[in-house]
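Trainee: I've got a model open and I'd like to learn how to read it. Can we go through it feature by feature?

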Amino acid sequence: MSFSPKQDSLHWCLEQTLAYAVDDLCLPAQADRVPNPRMIAWNELLAAEMGLDLPSNEAGAEIFSGNRLPAGAEPSAQAYA
């Protein structure tokens, strides 16, 4: 069962140029909802270096599970070899 995750405004700069660089290897997709996601680890130094800011661990778990999408995110499924 798929769902439409809600958008979040974290002001992350997201782009999908690599995902769609080769025709037919990537398609738009919606993930299944993850029940009760939780953060296991978070690297504050790396996050700061990448400009990632999360309002809370709960929000982080929702975002990294795919239950909530940052603005500009376009979920996709890719073929891998």
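Trainee: How many salt bridges does the structure hold?

Mentor: Keep in mind that this is a predicted model. For a salt bridge, look for a side-chain nitrogen of Lys or Arg within 4 Å of a carboxyl oxygen of Asp or Glu. The structure holds one. Arg-33 pairs with Glu-62, and their closest N and O atoms are 3.9 Å apart.

Trainee: Where in the chain do Arg-33 and Glu-62 sit?

Mentor: In distant parts of it, 29 residues apart. Arg-33 is in the loop between β2 (26-28) and α1 (44-50), while Glu-62 belongs to helix α2.

Trainee: Is Glu-62 buried or exposed?

Mentor: Go by relative accessible area: under 20% means buried. Glu-62 has 17%, so it counts as buried. Its partner Arg-33 comes out at 49% and is partly exposed.

Trainee: Next, aromatics. How many aromatic pairs does a search of the whole structure find?

Mentor: One. It's Trp-42 with Phe-64, the ring centres lying 5.8 Å apart.

Trainee: And why is that pair called tilted?

Mentor: Check the angle between the ring planes: under 30 degrees is stacked, over 60 is edge-to-face, and the rest are tilted. Here the planes are at 40°, so the pair is tilted. This pair also links distant parts of the chain, with Trp-42 in the loop between β2 and α1 and Phe-64 in helix α2, 22 residues apart. Both rings belong to partly exposed residues: Trp-42 has a relative accessible area of 28%, and Phe-64 has 48%.

Trainee: What about pockets? How much space lies in the largest pocket?

Mentor: About 160 Å³. Once you have the volume, ask who lines it. There are 11 lining residues, and the closest to the centre are Ile-63, Phe-64, Gly-66, Leu-69 and Pro-70. So you meet Phe-64 from the aromatic pair again. Among the elements, α2 (57-65) and β3 (68-70) each supply at least two lining residues.

Trainee: How do the lining residues divide into nonpolar, polar and charged?

Mentor: Nine are nonpolar, two are polar and none is charged.

Trainee: Last one: which residues is Ala-77 in contact with, leaving aside its neighbours within four places in sequence?

Mentor: Leu-25, Cys-26, Leu-27 and Ala-29. Ala-77 itself lies in strand β4 (residues 76-78) and is partly exposed at 40% relative accessibility. For a feel of the fold, compare sequence with space: Ala-77 and Pro-28 are 49 residues apart in sequence, yet 6.3 Å apart from C-alpha to C-alpha.

Methods. Residues numbered from 1 in each chain as written. Predicted model: local features only at pLDDT ≥ 70, side-chain atom pairs only at ≥ 80, totals over all residues. Heavy atoms only, no water. 1 Å grid on protein atoms, 1.4 Å probe; cavity = no way out; pocket = protein on both sides within 12 Å on 5 of 7 lines; lining within 4 Å. Points joined across faces, edges and corners; volume = space filled by probe spheres on them. Helix = DSSP H or I, 4+ residues; strand = E, 2+ residues; numbered from the N terminus. Nonpolar A, V, L, I, M, F, W, Y, C, P; charged D, E, K, R; others polar. Buried < 20%, exposed > 50% of the residue type's maximum accessible area, 1.4 Å probe, protein only. Phe/Tyr/Trp six-rings, centres within 6.5 Å; stacked < 30°, edge-to-face > 60°. Contact = heavy atoms within 4.5 Å.
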